[in-house]
Amino acid sequence: MNISDLFSLEGRVALVTGGSRGIGKMIVEGLLAAGAARVYIVARKKEQVDETSAELGEKVIGLVGDLSQMDGITALTDELSAREEKLDILVNNAGAAWGEPFEDFSEAGWDRTMDLNLKTPFFLTQKLHKLLKAAATEDRPAKVLMIASIDGMRSNPWPTWPYQASKAGLIHMTRRLAAELLPDNIIVSGIGPGAFPSAMNKAARDQEDVVKKGIPARRVGVTEDMAAGAIYLLSRAGDYVVGTTLPIDGGVVNANIASSFVDPGGD
């Protein structure tokens, strides 16, 4: 058994949505460190895409697009299909959060959050099925990684109603898509991030000393934590992990016995 081969992504072509910052960028860094040949990233803001592509090097190819609507999903699929004959890895990371009091929660906030967090990963996986299938073999399956959240695994007190519901739905959809795509040698699994500093999780970024009090590991997540989890699931090491969403959260979901906790937030 060769440990390097077990966790290698040598020669793989990957797409990471929302890959220009936050958890998506952490995963991109992990893919590169594990030997990926090319990593496409897509986000709405060109400045962020260009900045991250320049920072991480020539193996990162930046694309600009809004995946919250079907035309954006179709445009990305067409662009990638024009560039690649196959796709080894799809990381469905793009997401949104919206918080308002129960009495005032808006339809606009509900629809945007549910669409980007739940509809987009389904239809992007559907549209890229052909490229994924072209890359997949029994010995080296293609991989789809859904980025959910621990907020889909347990409730928190924040008024982020559609965020929590959509992430719970994504966890179940991961199971269902895993069963659907496994015969095509495509393995679907997921990650449930806890508190990682990002623009979406400003609490972990700006109030680390407060947030870490609610985490059994007594710290927020760092790039290596997220990169390691992604490499595990996307490499040969994770080939027998099917339909599972792995919490990477310092123990919040499964090892938290504190009598009171400060909510660490989602991804």
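Me: Which residue in E2 does Leu15 stand opposite?
Reply: In this predicted model, strand E1 covers residues 13–17 and pairs with E2 in the parallel sense over five bridges. Between E1 and E2 the chain passes through helix H2 (residues 22–33), in a β-α-β crossover that is right-handed. Within the pairing of these two strands, the residue of E2 that stands opposite Leu15 is Tyr40.

Me: Which residue of E3 is the bridge partner of Tyr40?
Reply: E2 is also joined to strand E3 (residues 60–64), and the two run parallel with five bridges between them. Helix H3 (residues 46–56) completes a right-handed β-α-β unit with E2 and E3. In E3, Tyr40 has as its bridge partner Ile61.

Me: Is strand E2 largely enclosed or open, and how many of its six residues are buried?
Reply: A residue counts as buried when its relative accessible area is under 20%. Strand E2 spans residues 38–43, and it is largely enclosed by the rest of the structure because the number of its six residues that are buried is five.

Me: How many residues of E6 are buried, and which residues make up its two sides?
Reply: In a regular strand, side chains alternate between the two faces of the sheet. One side of E6 holds Ile186, Val188, Gly190 and Gly192, and the other holds Ile187, Ser189, Ile191 and Pro193. Both faces are covered, and the number of buried residues in E6 is eight of eight.

Me: Which residue in E6 is the bridge partner of Val144?
Reply: Strand E5 (residues 142–147) runs parallel to E6, with six bridges joining them. The partner of Val144 in E6 is Val188. The connection from E5 to E6 goes through H7, as a β-α-β crossover that is right-handed. The bridge partner asked for is thus Val188.

Me: Which residue of E7 is the bridge partner of Gly190?
Reply: E6 is joined by four bridges to strand E7 (residues 245–248), and these strands run parallel. In E7, the residue that partners Gly190 is Thr245.

Me: Is Asp184 buried or exposed?
Reply: Asp184 is located in the loop between helix H7 (161–181) and strand E6 (186–193). Leaving aside residues up to four places away in sequence, Asp184 touches His129, Lys133 and Ala136. The cut-off for a buried residue is under 20% relative accessible area. Asp184 has 19% relative accessibility, and therefore it counts as buried.

Me: What is the C-alpha separation of Lys213 and Lys46?
Reply: Lys213 belongs to the loop between helix H9 (208–211) and helix H10 (223–234). With a relative accessible area of 56%, Lys213 is exposed. Lys213 and Lys46 are 167 residues apart along the chain, and their C-alpha atoms are separated by 36 Å.

Me: Which exposure class does Ala168 fall into, and what is the C-alpha distance between Ala168 and Ala34?
Reply: Ala168 is placed in helix H7. Its relative accessible area is 33%, so Ala168 is partly exposed. In sequence Ala168 and Ala34 are 134 residues apart, while C-alpha to C-alpha they are apart in space by 30 Å.

Me: Which helix gives the largest share of the lining of the largest cavity?
Reply: The model has one cavity of 30 Å³ or more, and the largest cavity has a volume of about 40 Å³. Its lining consists of Thr17, Asn92, Asn93, Ala94, Leu116, Thr120 and Pro121. By class, the lining comprises three nonpolar, four polar and no charged residues. The largest share, three residues, comes from helix H5 (residues 107–127).

Me: Which element gives the most residues to the lining of the largest pocket?
Reply: The largest pocket has a volume of about 650 Å³, and of the 30 residues that line it, Gly18, Arg21, Ala94, Gly95 and Met200 are the closest to its centre. The elements that give two or more residues to this lining are H2, E2 and H5. By class, the lining has twelve nonpolar, ten polar and eight charged residues. The element that gives the most to the lining, with three residues, is H2.

Definitions and conventions. Residues are numbered from 1 along each chain as its sequence is written. This is a predicted model: local features need pLDDT of at least 70, side-chain atom pairs count only at pLDDT 80 or more; totals for chains, interfaces and linings use all residues. Side-chain values use heavy atoms; hydrogens and water are left out. Buried means under 20% relative accessible area, exposed over 50%, partly exposed in between (1.4 Å probe, protein chains only). Two strands pair if DSSP finds at least two bridges between them. A crossover is right-handed if, with the strands pointing away from the viewer, the path from the first strand over the helix to the second runs clockwise. On a 1 Å grid over the protein atoms alone, a cavity is a set of points where a 1.4 Å probe fits but cannot get out, and a pocket is an open set with protein on both sides within 12 Å along at least five of seven lines; lining residues have an atom within 4 Å of a point. Grid points are joined across faces, edges and corners, and a volume is the space filled by probe spheres set on the points. Ala, Val, Leu, Ile, Met, Phe, Trp, Tyr, Cys and Pro count as nonpolar, Asp, Glu, Lys and Arg as charged, and the others, Gly among them, as polar. Contact means heavy atoms within 4.5 Å.
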